[in-house]
Amino acid sequence: MIATLFGAEAPLYDAPTLAQGLVLVSWWKPVLLLLPLGFWAYVVSVVLDKQAARFHLGRDNWNAVHMAVGTLAFLGVLLIPGEFGFFIALPTLCVILALDVIVFALLTNKDERVPDRHRLKLDLAALKPDADAKAKKKASALQKTAELVIKRPDKSTLSVPEKDAPEYELRVAAEELVLSAKRTRGSQVDLAPDGREHYVSSFLVDGVRQKGRTMSRGEAEQLIAFWKDAAGLDPEDRRRKLTGDLSLVQFDQSSAT
């Protein structure tokens, strides 16, 4: 319908065209929001998740907490209104994600299962390339070798981690405990508290108990958790007496005790 206004024919309204559309969201805002989210996701998956898995710190529970925190942070960004809401949402997002990492580090560092040398800390110097340190680490890793084939109760083989993986050190230490018993002709290996902060290994040789090496409580609990997991037991169940089965074979196919 056409109306005459000011002596000229014109439509009652002008419908906006596609060419007149406005960009309602700046492209750089989502990019800035994705940067802290991406970095946080990397830290959670590469550092925190591996730390929880390695020391049996309730990995599933922590992952649920991380997911909840990430969701909360993302929703917080969406729910902050206003033209300048982005400038409030971005620092809020960073604070929430940083708190998630900090709380994880503070709580897990207090856990006795985590040895002092493996506790999480912010070391900016460690971010700098150090050729000597890398060479020493590589040489140290080459000196340690996994010697056992470990088969679970379902006959599946427990895979050997890569030498540069943190789990490899635990695998070698767990094997060494068993191989030490084999070298002494021991028929039984025990790990028992020797005071409040230390454990001692011992071997039953021809009915006589022989003392092995002393280790920290955290290291001992890692070894116990490793063998419980290999035997199909729950590493988190510490209240009951558990019995499991597994088989060990050396790579040269000679049997190991």
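In the predicted model, Ser-202 stands opposite Lys-211 of strand S6. This pair belongs to an antiparallel arrangement: strand S5, residues 198–205, is joined to strand S6, residues 208–216, by seven bridges. The two strands form a hairpin with two residues between them. Within this hairpin, Asp-206 adopts a positive phi near 50°.

Positive phi values recur elsewhere in the chain. Lys-155 is not a glycine, yet its phi is positive, at about 75°. The residue sits in the loop that runs between strand S3 (148–151) and helix H5 (166–183). Lys-155 counts as exposed because its relative accessibility is 63%, and the cut-off for exposed is over 50%. Arg-185 is another non-glycine residue with positive phi, here near 60°. Arg-185 follows H5 and lies in the loop between that helix and strand S4 (188–193). Its relative accessibility is 58%, so Arg-185 also counts as exposed. Loops on either side of H5 thus each hold an exposed residue with positive phi.

Helix H5 itself has 18 residues. At 1.5 Å a residue, a span of 26 Å is expected. The C-alpha atoms at the two ends are 26 Å apart, so the model agrees with that expectation. Many side chains of H5 are listed as buried: Tyr-168, Leu-170, Arg-171, Val-172, Ala-174 and Glu-175, followed by Leu-177, Val-178, Leu-179, Ser-180 and Ala-181. The buried set includes the charged residues Arg-171 and Glu-175.

Helix packing was examined for H1 and H2. Two packed helices are described by the angle between their axes and the distance between the axes. H1 covers residues 28–54 and H2 covers residues 59–79. The two pack at an angle of about 170°, with axes 10 Å apart. H1 is therefore roughly antiparallel to H2, since angles over 145 degrees fall in that class. On the H1 side, the contact is made by Leu-33, Leu-37, Trp-40, Val-44, Leu-48, Asp-49, Ala-52 and Ala-53. H2 contributes Arg-59, Asn-63, His-66, Gly-70, Phe-74 and Val-77. By class, the contact comprises nine nonpolar, three polar and two charged residues. An α-helix has 3.6 residues a turn, so residues three or four places apart point the same way. Several of the contact residues follow such a spacing, among them Leu-33, Leu-37, Trp-40, Val-44 and Leu-48 of H1.

Methods. Residues numbered from 1 in each chain as written. Predicted model: local features only at pLDDT ≥ 70, side-chain atom pairs only at ≥ 80, totals over all residues. Heavy atoms only, no water. Helix = DSSP H or I, 4+ residues; strand = E, 2+ residues; numbered from the N terminus. Buried < 20%, exposed > 50% of the residue type's maximum accessible area, 1.4 Å probe, protein only. Axes fitted to C-alpha atoms, helices over the stretch in contact; angles between N-to-C directions. Parallel < 35°, antiparallel > 145°, perpendicular 65-115°, else oblique. Contact = heavy atoms within 4.5 Å. Expected span 1.5 Å × (residues − 1). Pairing = 2+ DSSP bridges.
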